[in-house]
Amino acid sequence: MSSEQTPAAPAAADTAGPRPRRLTYAAVLVALEGVGLLAGGVWMAVLAVTGNPDDRQQAVTGGVTLVVLALLPLIAARGLLARRSWSRGPAVITQLLALPVAYNLLQADSMAIPAGIALAVVAVAALVLLVNPETTRALGIRGPGNAGT
């Protein structure tokens, strides 16, 4: 056996076995955000077509944009459930983008405040789950300085 094959064995052992609950919970939270974006995009597009917006083209574009943006967390959630190491990056990026949105919702003086609280809680919880060492091991991700061990 060559020395190049030896490091792959621990990585395979780390990703074997049942999926950790933390990874499953992270995938569910990321998927929940994706579904929320999808629902918001569809709702916005439907209102743009059936309602009376100031600028119909801008409203439709906003709805389509949200639908397309929903694909990132939905694909990442699927990757997390399948234990694909690449999926953690898009999932973390989604959470980092959700935090300023939650902050803006919290600054509103309207019914958006509960949505901001919910989004902030989901984003922080998902981030904590995604950077958890158990999740990292389950995805076969090695930390800095551990590439050769």
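How many helices and how many strands does the protein chain have? Colour the model by secondary structure and count. The protein chain has six helices and zero strands. Reading along the sequence gives the pattern α-α-α-α-α-α. Keep in mind that this is a predicted model.

**Stop 1: the whole chain**

Show the surface. The accessible surface of the protein chain comes to about 9,200 Å². Carbon and sulfur atoms own 67% of that surface. Of the 149 residues, 28% count as buried. Now think about contacts between residues with a separation of 6 or more. In the protein chain, 70% of these join residues 24 or more positions apart.

**Stop 2: helix H2**

Select residues 21-50. This is helix H2. H2 has 30 residues. From its first C-alpha to its last, H2 reaches 43 Å. That is close to the 44 Å expected at 1.5 Å a residue.

Next, pick out the buried residues of H2. They are Leu23, Ala26, Ala27, Leu29, Val30, Glu33, Gly34, Gly41 and Ala48. As you look, recall a rule about helices. An α-helix has 3.6 residues a turn, so residues three or four places apart point the same way. What covers the buried residues of H2? The cover includes H3, H4, H5 and helix H6 (133-138).

**Stop 3: helix H3**

Move on to residues 56-81, helix H3. Its 26 residues should span 38 Å at 1.5 Å a residue. The end C-alpha atoms of H3 are 38 Å apart, so the span agrees with what is expected.

Select the buried residues of H3: Ala59, Gly62, Gly63, Ala70, Pro73, Ala76, Ala77, Gly79 and Leu80. These buried residues pack against H2, H4 and H5.

**Stop 4: the loop after H3**

Zoom in on the loop between H3 and H4. Alanine 82 is found here. Is alanine 82 buried, partly exposed or exposed? Alanine 82 is partly exposed, because its relative accessible area is 36%, and the partly exposed range runs between 20% and 50%. Now draw a distance from alanine 82 to arginine 19. The two are 63 residues apart in sequence. In space, they are 8.8 Å apart, C-alpha to C-alpha.

Step along to arginine 83, in the same loop between H3 and H4. What is unusual to check here is the backbone. Arginine 83 has a positive phi of about 60°, although it is not a glycine. Why does arginine 83 count as buried? Its relative accessibility is 15%, and buried means under 20%.

**Stop 5: the segment after H6**

Select leucine 139, which lies in the segment after H6. Leucine 139 counts as buried, because its relative accessibility is 3%. Add glycine 79 to the selection. Leucine 139 and glycine 79 are 60 residues apart along the chain. Their C-alpha atoms are separated by 9.7 Å. You met Gly79 earlier, among the buried residues of H3.

**Stop 6: the largest pocket**

Finish at the largest pocket. About 640 Å³ of space lies in it. A total of 18 residues line the largest pocket. Which of them are the closest to its centre? Select Glu33, Leu37, Ala98, Val101 and Leu119. Glu33 is also one of the buried residues of H2.

Now colour by helix. H2, H3, helix H4 (88-107) and helix H5 (112-131) each supply at least two residues of the lining. Then colour by class. The lining of the largest pocket has 14 nonpolar, three polar and one charged residues.

Terms used. Residues are numbered from 1 along each chain as its sequence is written. This is a predicted model: local features need pLDDT of at least 70, side-chain atom pairs count only at pLDDT 80 or more; totals for chains, interfaces and linings use all residues. Side-chain values use heavy atoms; hydrogens and water are left out. On a 1 Å grid over the protein atoms alone, a cavity is a set of points where a 1.4 Å probe fits but cannot get out, and a pocket is an open set with protein on both sides within 12 Å along at least five of seven lines; lining residues have an atom within 4 Å of a point. Grid points are joined across faces, edges and corners, and a volume is the space filled by probe spheres set on the points. Helices (H or I, at least four residues) and strands (E, at least two) are DSSP runs, numbered from the N terminus. Ala, Val, Leu, Ile, Met, Phe, Trp, Tyr, Cys and Pro count as nonpolar, Asp, Glu, Lys and Arg as charged, and the others, Gly among them, as polar. Buried means under 20% relative accessible area, exposed over 50%, partly exposed in between (1.4 Å probe, protein chains only). The expected span of a helix is 1.5 Å times one less than its number of residues. Contact means heavy atoms within 4.5 Å. Accessible areas come from the Shrake-Rupley method with a 1.4 Å probe; for residues, only the protein chains shown count as cover.
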